[in-house]
Amino acid sequence: MTKKSERYIPLVVSVGQVAIFPYYILWLKQASLTFTLFTWLFAAFSFTAALGYRVFQSRKSTVKSYIPSVYMGMGVIYITAGFIRNSFEFLPYIALLLQVSLGFLQGYHHAWHIEQKAFRLHAIHHYLLVGTIMVALSFVKILSPVTFITVFGAVLFSCGIWLTFQMKVLES
């Protein structure tokens with residue numbers, strides 16, 4: 001990865017995940033139908049995030065090649081959540097699949113991100129950016145939460161494609 005990509009894309013991903021997560025929680029609450037199922041879905045997310053973190057720790061040597069795929073995978077999950085409508089009976093099962101996939105990918109990304117050189121600087125900027133974004137998003141009332149989820153998914157997917165392209169250019 002180039003230095004700019006190494007510095008800014010992980011920050012965009014981590015800040016975006018925190019800023020979009022409240023909207024994703026609203027979507028998940030509607031998809032889960034009951035509070036009990038909602039909590040079980042978050043338990044599945046947490047357990048698979050721990051698994052993703054552990055998988056990264058065991059495979060550090062090949063990690064850079066997977067990060068664009070992790071971004072694209074998270075993007076596809078958010079885009080899928082944005083396009084699903086709450087009108088069919090299989091929605092809780094789809095939500096479970098999305099939670100497990102998103103948890104694994106976020107755990108993997110977090111384990112990778114904390115080992116990057118720019119992580120300490122990102123930690124400070126992360127809190128400032130999330131606060132600013134959340135205040136700004138609170139004033140936007142004409143867009144539904146699904147719109148934010150879908151747009152963020154597209155941003156993540158684009159970051160993955162950009163990094164894949166950058167890695168191909170550097171290999172040449």
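**Entry 1: a term to start with**

I take a helix here to be a DSSP run of H or I with at least four residues, numbered from the N terminus. With that settled, I looked up Ser-14 and found this residue in helix α1. I am working with a predicted model, and I keep that in mind throughout.

**Entry 2: the whole chain**

I went through the elements next. The chain has 6 helices and 0 strands, and I read the order from the N terminus as α-α-α-α-α-α. For overall dimensions, I noted that the C-alpha atoms fill a box of roughly 50 × 35 × 30 Å along the principal axes. I also checked the radius of gyration: the chain has 16 Å, which agrees with the value near 16 Å for a compact globule of 172 residues. Buried residues come to 44% of the 172 in the chain. Then I turned to contacts with a separation of 6 or more, and 89% of them join residues 24 or more positions apart.

**Entry 3: the largest pocket**

How much space lies in the largest pocket? I have about 340 Å³ for it. I listed 17 lining residues, and the closest to the centre are Ser-14, Gln-17, Val-18, His-110 and His-126. The elements that give two or more residues to this lining are α1 (3–32), α2 (35–58), α4 (91–113) and α5 (119–138). I sorted the lining by class as well, and the tally is 8 nonpolar, 9 polar and no charged residues.

**Entry 4: back to Ser-14**

Since Ser-14 is among the residues closest to the centre of the largest pocket, I gave it another look. Is Ser-14 buried or exposed? Ser-14 is buried, because its relative accessible area of 10% is under the 20% cut-off. I then asked which residues Ser-14 touches, leaving aside neighbours within four places in sequence. I found contacts with His-109, His-113 and His-126. His-126 is one I had already met close to the centre of the largest pocket.

**Entry 5: the second largest pocket**

I moved on to the second largest pocket, with about 190 Å³ of space. Of its 13 lining residues, I noted Gly-16, Ala-19, Ile-20, Ile-133 and Phe-152 as the closest to the centre. The helices that give two or more residues here are α1, α5 and α6 (145–171). Which element gives the largest share of this lining? My answer is α1, with 6 residues. By class, I counted 12 nonpolar, 1 polar and no charged residues in the lining.

**Entry 6: helix α6**

I wanted to know α6 better, as it helps line the second largest pocket. α6 has 27 residues and reaches 39 Å from first C-alpha to last, close to the 39 Å expected at 1.5 Å a residue. I pulled out its buried residues: Phe-148, Ile-149, Thr-150, Phe-152, Gly-153, Leu-156, Cys-159, Gly-160, Leu-163, Gln-166 and Met-167. Phe-152 also turned up among the residues closest to the centre of the second largest pocket.

**Entry 7: Val-146**

My last stop was Val-146, which is found in α6. I have Val-146 down as partly exposed, because its relative accessible area is 22% and the buried class ends under 20%. Leaving aside neighbours within four places in sequence, I see Val-146 in contact with Gly-82 and Arg-85. I also looked up its distance to Tyr-53: the two are 93 residues apart in sequence and 28 Å apart in space, C-alpha to C-alpha.

How values were computed: Residues numbered from 1 in each chain as written. Predicted model: local features only at pLDDT ≥ 70, side-chain atom pairs only at ≥ 80, totals over all residues. Heavy atoms only, no water. 1 Å grid on protein atoms, 1.4 Å probe; cavity = no way out; pocket = protein on both sides within 12 Å on 5 of 7 lines; lining within 4 Å. Points joined across faces, edges and corners; volume = space filled by probe spheres on them. Nonpolar A, V, L, I, M, F, W, Y, C, P; charged D, E, K, R; others polar. Expected span 1.5 Å × (residues − 1). Buried < 20%, exposed > 50% of the residue type's maximum accessible area, 1.4 Å probe, protein only. Contact = heavy atoms within 4.5 Å. Rg over C-alpha atoms; globule rule 2.2 N^0.38 Å.
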